[in-house]
Amino acid sequence: MRKLVPMILAALLAAALWSADQATLDRGKKEEQQSCTPCHSLRLIHSQRLSRATWGKEIDKMAGWGTVVPDRDALLEYLVANYGDDKPVPPPAMSEDGTGKK
Ligand code: HEC
């Protein structure tokens, strides 16, 4: 019993460190809307399922093309939480008649 409390505290701390809080995720979503929409649609981003490391590289790749990302940490947490490689891959967007228009 004496060992249980520190173990629970350690587990809670680890969980807190690993999962971003809602305020951070909200900031990340806002960051995405501001920084990631000038050149392409969000669909291009949201159709991906990437690991944390690959999302980081992806943000850096966009930064290399001049994208300014003031709240990079929040954006990364948001992308990992919603579009991580542990999430199911969404069905591709179909044009249906081949024109590319819905
Ligand atoms: C300066 C214009 C520009 C901005 C702003 C931009 N992107 Fe991109 N992005 C591109 C271009 C161009 C491509 C397609 C090039 C390619 O196929 O590699 C692309 C493609 C992508 C892809 C598809 C995978 C890939 O690498 O091709 C993802 C994911 C992506 N962007 C994420 C983001 C995110 C996240 C942001 C916001 C931080 C962002 N983009 C902002 C230009 C931009």
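On a 1 Å grid over the protein atoms alone, a pocket is an open set of points with protein on both sides within 12 Å along at least five of seven lines, and a molecule sits in a pocket if more than half of its atoms lie within 2 Å of its grid points. In this predicted model, local features need pLDDT of at least 70 and side-chain atom pairs count only at pLDDT 80 or more, whereas totals for linings use all residues. Residues are numbered from 1 along each chain, and side-chain values use heavy atoms, with hydrogens and water left out.

The ligand occupies the largest pocket. Helix 3 (42–46) and helix 4 (52–64) are the elements that give two or more residues to its shell (helices are DSSP runs of H or I, at least four residues). Helix 4 supplies the largest share, four residues. In total, 15 residues surround the ligand, with Cys-36, Cys-39, His-40, Glu-58 and Met-62 the closest (a heavy atom within 4 Å).

The iron atom of the ligand is coordinated by NE2 of His-40 and SD of Met-62 at 2.0 to 2.2 Å (donors are N, O and S atoms within 2.8 Å of the metal). His-40 lies in the loop between helix 2 (22–35) and helix 3 and Met-62 in helix 4, so the pair ties together parts 22 residues apart in sequence.

Polar side-chain atoms also approach the ligand: one of Glu-58 lies 2.5 Å from an oxygen atom of the ligand, and an N or O atom in the Lys-61 side chain is 2.6 Å from a ligand oxygen atom.

Conventions:
A polar contact is a pair of N or O atoms within 3.5 Å; within protein, one must be able to donate a hydrogen and the other to accept it, and residues adjacent in sequence count only if both atoms are side-chain atoms. On a 1 Å grid over the protein atoms alone, a cavity is a set of points where a 1.4 Å probe fits but cannot get out, and a pocket is an open set with protein on both sides within 12 Å along at least five of seven lines; lining residues have an atom within 4 Å of a point. Donors are N, O and S atoms within 2.8 Å of the metal (3.2 Å for Na, K and Ca); water is not among the atoms, so sites may look incomplete.
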